Amino acid sequence: MLQSAIRHVTRGLIREPDRFCDGCRRGIWNQAVFLPSTKNNCIIHHWARHLLPTHALTCRTFCVINGMKQRRLYSKSLSFEAMAPVSLNDIKKFLNDNNIKFQQGFACIVLSCPLCCGKGISLDQMDNFFINMTTGMFLCHQCKRSGSWALFQDYVGLIYASRAKSASKTKATTKKKSEQLVKVQLPPAKLDPAYQEDVKVAQELYNNAIPYENIDETTLLRVNDALGVQFKHETMKKYRVRYRDDALLFPCYHIDKSLVGVKSLQLVGEKEECIESQMPRCDQHGGLFGWHTVTRGHEEVVLTASELDAIAANQETKMPALSLPRGISNLPQEALALLEQFKRITLWFNNDVRSWEAAKRFSKKLNEKRCYFIRPKDNQPSPLQALKKGLNLAQILHGSCPVGHKSIVSFRALRQDVLSELSHVSDVAGVKWKKFTQLNKLLKGHRPGELTIFTGPTGSGKTTFMSEYSLDLAMSGVNTLWGSFEIRNVRLAKMMLTQFAQKPLSFFIDEFDHWADKFESLPIYFMTFYGQENLKNVIDTMSHAVYVHDIQHAIIDNVQFMIGMDTRVDRFWRQDLVVSSFRKFATTNNCHVTLVMHPRKEKESDMLQNASIFGGVKASQEADNVLILQDRRLTSQRGKKYLQVTKNRFDGEIGIMPLEFDRETVSYSRKKQKDAKKSENEDISSQALVQEHNEPQSLVDESTVHVGEPPLDDKDPV
């Protein structure tokens with residue numbers, strides 16, 4: 001009875017895979033009870049027992065396949081179950097155990113696709129199947145299938161299980177498993193319909209545009225003035241650049257040279273005012289600009305942050321040059337498969353600190369053994385800027401340097417980095433805040449690799465402030481990962497969207513799509529953890545996000561949810577371990593980590609300080625920055641709420657930043673005030689706050705500090 005049920009479900013998965021959710025597909029490999037019912041409803045109840053020894057998948061949910069709409073994860077949510085840690089040894093062992101031949105590359109394992117062998121394609125002719133050696137994500141350019149390592153294991157196990165009965169009947173048990181795979185056919189992979197529609201729109205937009213070489217002289221002069229440089233017609237024709245409605249169109253191509261995306265550069269004036277847009281907006285296609293110019297014989301390539309940089313590099317150096325789809329923000333996993341054939345990759349970005357940090361992040365993904373850098377010097381800018389200045393691009397490319405050993409370094413190797421920091425003092429200070437400008441005077445900026453401790457009284461609005469604090473950085477291009485253990489992601493996203501729109505969207509429902517589309521383009525991701533969670537799971541998920549999404553800022557709200565309730569372990573020792581783990585993570589991954597922590601229970605009249613942080617002193621010792629949200633409204637009739645910087649390891653500057661809470665927009669950001677009387681009141685309030693803390697007046701800039709006076713009954717929603 002049980003085996004019959006499993007076979008029934010297996011046949012259903014092969015014939016109609018879209019009728020089953022991911023949990024049901026994985027549940028096939030567990031001991032399952034199939035309960036048929038009348039009409040179209042059926043329930044699959046997964047039990048945590050393993051059918052195959054190669055699978056360790058468990059599912060404690062039951063799904064109504066028909067009659068109940070299946071739930072889908074938010075596109076930017078990261079769940080631990082969907083990214084279970086996998087090691088390179090585990091991948092190799094599984095492939096060897098199943099007699100699947102493979103070749104280890106630089107960033108991916110390359111093999112013949114075991115999923116599309118039944119299409120009459122010889123195994124020896126197929127090398128378009130890639131498995132990421134860090135995450136286990138697989139991608140086949142032939143059959144268009146992709147997914148997690150667990151899904152690939154399910155596919156392989158499903159093929160063997162479906163062939164076992166046929167092999168026994170035909171007495172073909174002596175055949176190898178790899179030979180059996182050739183005869184198995186799975187249903188074709190299906191892409192997201194919305195994504196396919198976007199691709200069609202992009203293709204139609206590109207096909208209706210005018211080739212660059214056919215632009216009339218008047219329009220060409222206007223384009224050259226906007227770009228600030230004149231490109232050769234043969235180079236623009238080689239890269240298939242087109243023009244339409246005062247915009248240059250740059251095509252992105254898949255590994256099979258098919259058009260899968262278009263990036264538009266709207267020319268509205270000077271280059272600084274050019275507007276970029278991309279269709280499709282997501283990176284599902286995994287295409288690269290300039291890929292159609294690459295052949296199998298190419299072993300060297302130049303990677304740039306923009307399409308114009310790639311064109312300039314190729315025009316002056318004759319080297320194959322490609323542009324990353326999202327610039328220095330992110331290097332998608334799909335692009336790693338396309339770059340696997342190259343033995344030398346030169347990363348040529350701009351000569352600022354953020355570009356330099358991005359180059360070092362990307363080199364870890366691409367394998368540092370084959371990566372070379374263009375050092376960020378004043379005489380070595382991006383290819384486009386170098387072409388404008390009349391520099392010799394071939395000479396700059398010839399001076400590229402390899403990545404040194406990660407554990408051994410000398411001053412000679414650090415010399416250029418030291419010079420870069422001295423030459424770019426403002427960039428070294430980090431990304432500047434746009435809403436909280438006073439923080440730029442105190443902390444100087446948001447820097448990668450640091451640990452920030454943020455604390456405040458219970459119910460004072462820590463999550464509300466941290467939401468807008470991180471949103472401000474994300475709007476400046478900082479890839480952000482949120483781990484909210486206190487409130488669910490839906491409520492957090494709603495609050496961030498309201499802060500982003502600066503209006504209560506509940507009263508402007510018709511504007512929701514407009515603001516949601518803009519918010520969706522921000523590099524913000526959410527972990528799906530809620531409530532008590534194991535520290536290892538959180539660290540593994542963060543490591544996955546740093547690798548896949550190039551996360552630069554991770555927020556943990558809050559640390560107490562990882563300490564646990566085990567009375568056999570000292571809570572202070574446990575908290576020190578948690579803080580130490582996040583400190584190591586921040587340093588190793590060069591990612592800024594912000595930990596929200598509760599203070600000790602103290603008198604409401606007492607001011608919070610570094611010693612008020614719950615636990616031992618390790619948290620404040622390990623931290624590079626300590627921020628305290630002080631709320632004096634509970635102890636004084638005219639009390640204020642303000643942010644106090646009590647530790648700043650970068651340059652030692654400390655001080656306070658008064659805050660005003662606006663209930664409608666759920667915002668703490670400073671508002672523009674045109675009333676001179678209000679400005680005068682702000683100066684007086686700032687002085688009063690400084691005197692209360694016995695801080696020097698120089699720590700507070702009166703011209704930029706804004707202090708409001710919220711109602712006495714005003715409370716934050718979080």
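## A walk through the model

Start by selecting residues 25-75: pLDDT stays under 50 here, and the model has 102 contacts for this stretch beyond four places in sequence. Now pick residues 118-125, where the pLDDT is also below 50. This second stretch has 11 contacts in the model beyond near neighbours in sequence. Keep in mind that what you have open is a predicted model. Where pLDDT is low, the predicted coordinates should not be read in detail. Colour the whole chain by pLDDT next: the average is 77, and 71% of the residues score at least 70.

**Stop two: the sheet**

Show the strands β5 to β9. What is the order of the five strands in the open sheet? Reading across, you get β5-β6-β7-β8-β9, with antiparallel pairing. Click on β5 (102-104) and then on β9 (146-147): these two stand at the edges. Each has a single partner strand, so one side of each is left without a neighbour in the sheet.

While you're here, add helix α3, residues 88-97. Helix α3 packs on the sheet and touches β5, β6 and β7, and its direction makes about 160° with that of β5.

Zoom in on β6 (residues 108-111) and β7 (residues 129-132), an antiparallel pair joined by four bridges. For one pairing to look at, select L111 and find its bridge partner in β7, F129.

**Stop three: α17 and α18**

Jump along to helix α17 (residues 462-474) and helix α18 (residues 489-501). Their axes come within 10 Å and cross at roughly 60°. The two helices are therefore oblique to each other, and α17 passes α18 in a right-handed crossing.

Turn on side chains to see who meets whom. From α17, select T463, T464, S467, E468, S470 and L471; across from them in α18 are L492, M495, M496, Q499 and F500. By class, this contact has five nonpolar, five polar and one charged residues.

**Last stop: α20 and α21**

Finally, select helix α20 (residues 535-549) with helix α21 (residues 571-589). At what angle do α20 and α21 pack? The angle is about 10°, with the axes 11 Å apart, and that makes α20 roughly parallel to α21.

On the α20 side, highlight L535, V538, I539, M542, S543 and V546. They meet R574, V578, S581, F582, F585 and N589 in α21. Colour this contact by class and you'll find eight nonpolar, three polar and one charged.

Conventions: Residues are numbered from 1 along each chain as its sequence is written. This is a predicted model: local features need pLDDT of at least 70, side-chain atom pairs count only at pLDDT 80 or more; totals for chains, interfaces and linings use all residues. Side-chain values use heavy atoms; hydrogens and water are left out. Axes are lines fitted to C-alpha atoms, for helices over the stretch in contact, and angles run from 0 to 180 degrees between N-to-C directions. Angles under 35 degrees count as roughly parallel, over 145 as roughly antiparallel, 65 to 115 as roughly perpendicular and the rest as oblique. A crossing is left-handed if the near helix is turned anticlockwise from the far one by less than a right angle, and right-handed if clockwise. Contact means heavy atoms within 4.5 Å. Ala, Val, Leu, Ile, Met, Phe, Trp, Tyr, Cys and Pro count as nonpolar, Asp, Glu, Lys and Arg as charged, and the others, Gly among them, as polar. Two strands pair if DSSP finds at least two bridges between them. pLDDT is the predictor's confidence in each residue, from 0 to 100.
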